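Trainee: I should like to go through the reasoning behind the terms used for this protein. May we take them one by one?

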Amino acid sequence: MGITEHPGHEATLADRAMDAGHDLIIAVGGDGTWSHVADRVGERGSEVALAVLPAGTGNDFGRNLGLSFGDPEAAVRAIASGRERRVDLGRVVTPSYPTPPGARTAEGSRRAPAHRIGPEEPARPRHFLNVIGIGFDVAVIDAAASARLLTGALLYKLTALRQLFGFPGIRARIATAGEAQLNARHLMMTVTNGCYFGGGFPIAPEGRIDDGRLHGCFIEDAPPWTRLTLFARAERGRHVGDARVTLRSSRGFRFEFDAPVRFEADGDTYATEGHHLELEVKPGALLLRG
């Protein structure tokens, strides 16, 4: 048993559990906590099972499993049942390093992006469990880091409303196998393993965590009031079909930018050293209990 003492400590605790020969790691927290543990399990190719108990801000991966922050007993019963299944892991192929919320990059410049959380943290590939977000999503996380009193889905929604009127958008070229390249200024780009992000938004309604695919949702930039309409529709999954929204399902995605870019992986922010970001799926790479 271990309690995290600082950001990223989950990785150390997961390594310690695997080195000790444990065959099950139960992670209590939210998407970020679970993601750090899943990254270590995936990196080592371990047959250790992961179980999740929702106790975090978003808990979106838990929603894919039918688990709720408000019903911890159900999550415990699911773990105790002993049921196990194989689910997919996403992988950020491009080396990246963690950045603190609020760090900045200079879009359109060739300068290095945001500073690292720690000077010893190298840029490396990493796994993600639920979502990669680029653009608007990162702006919301940055703004939420300074919020007081609010938590969970309400924090995301109210912070997002403010950013709908202030975020400048981001230009990207998006490539997927067998599809025409997208080249436009976007409000938001998400790539999910499952269906949900942002505290319950069904951003990829057809997404499943065991279908061997990643699910991209790319929303082109628009004036603030149009952004507001899209945001309201996305909360109910009704953004699908809008002319500004492109949904793609693929085993991998490649993004190219005019400068190094920050992105979020399961709620934590990272930065690339170069101008591209490449993602892939690892089908059935994680053994899940519950």
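Trainee: Where is the place of Val261?

Mentor: In this predicted model, Val261 sits in the loop that joins strand 10 (252-256) to strand 11 (262-265).

Trainee: Why is Val261 called buried?

Mentor: Its relative accessible area is 5%, and buried means under 20%; Val261 therefore qualifies. Beyond its sequence neighbours up to four places away, Val261 touches Ile134, Ile170, Tyr270, Ala271, Thr272 and Gly274.

Trainee: What makes the phi of Asp266 worth noting?

Mentor: The phi of Asp266 is near 55 degrees, a positive value in a residue other than glycine. Most residues other than glycine have a negative phi. Asp266 lies in the loop between strand 11 and strand 12 (268-272). With a relative accessible area of 4%, Asp266 falls under the 20% limit and is therefore buried.

Trainee: Which members of the largest nonpolar core touch the most other members?

Mentor: They are Ile132, Ile134, Met189, Phe255, Phe257, Leu277 and Leu279, out of 41 residues in that core. Strand 7 (residues 182-192) gives the most to this core, namely 5 residues. A separate core of 24 residues includes Ala14, Phe61, Ile79 and Leu129. In soluble globular proteins, nonpolar side chains tend to be buried together.

Trainee: What is Phe255 in contact with, leaving aside neighbours within four places in sequence?

Mentor: Its contacts are Ile134, Arg173, Ile174, Met189, Val191, Phe218, His275, His276, Leu277 and Leu279.

Trainee: What makes helix 2 mostly covered?

Mentor: Of the 14 residues in helix 2, 11 are buried, including Trp34, His36, Val37 and Arg40. Helix 2 (residues 31-44) reaches 20 Å from its first C-alpha to its last, close to the 20 Å expected at 1.5 Å a residue. Gly45 follows helix 2 and has a positive phi, near 65 degrees.

Trainee: Why is Leu154 called partly exposed?

Mentor: Leu154 has 48% relative accessibility. Partly exposed covers the range between under 20% and over 50%, so Leu154 belongs there. Leu154 is in helix 6 (residues 152-163), and together with Leu158 and Leu161 forms a nonpolar patch on the surface, with about 240 Å² of accessible area together.

Trainee: How do you know that Arg86 and Glu47 meet in a salt bridge?

Mentor: Their side chains come to 2.5 Å, N to O, and the rule asks for a nitrogen within 4 Å of a carboxyl oxygen; the pair therefore counts. Arg86 lies in strand 3 (residues 84-98) and Glu47 in the loop between helix 2 and strand 2 (49-54), so the bridge ties together parts that are 39 residues apart in sequence. Arg86 is partly exposed at 36%, while Glu47 counts as exposed at 54% relative accessibility.

Trainee: What separates Glu73 and Arg77 in helix 4?

Mentor: About one helical turn, because they are 4 residues apart in helix 4 (residues 72-80). Their side chains meet in a salt bridge at 4.0 Å, N to O, and both residues are exposed.

Trainee: Are Arg262 and Asp142 buried or exposed?

Mentor: Arg262 is buried at 7% relative accessibility, and Asp142 is buried with a relative accessible area of 18%. Their side chains meet in a salt bridge at 2.9 Å, N to O. Arg262 lies in strand 11 and Asp142 in helix 5 (residues 136-144), so this pair ties together parts that are 120 residues apart in sequence. Salt bridges that share partners also join Arg173, Arg254, Glu256, Asp258 and Glu278 into one network.

Key
Residues are numbered from 1 along each chain as its sequence is written. This is a predicted model: local features need pLDDT of at least 70, side-chain atom pairs count only at pLDDT 80 or more; totals for chains, interfaces and linings use all residues. Side-chain values use heavy atoms; hydrogens and water are left out. A nonpolar core is a set of buried Ala, Val, Leu, Ile, Met, Phe, Trp, Tyr and Cys residues joined through side-chain atoms within 4.5 Å. Buried means under 20% relative accessible area, exposed over 50%, partly exposed in between (1.4 Å probe, protein chains only). Helices (H or I, at least four residues) and strands (E, at least two) are DSSP runs, numbered from the N terminus. Contact means heavy atoms within 4.5 Å. The expected span of a helix is 1.5 Å times one less than its number of residues. Patches are made of residues with over 30% relative accessible area and no salt bridge: like charges are joined within 9 Å, nonpolar side chains (Val, Leu, Ile, Met, Phe, Trp, Tyr) within 5 Å. Accessible areas come from the Shrake-Rupley method with a 1.4 Å probe; for residues, only the protein chains shown count as cover.
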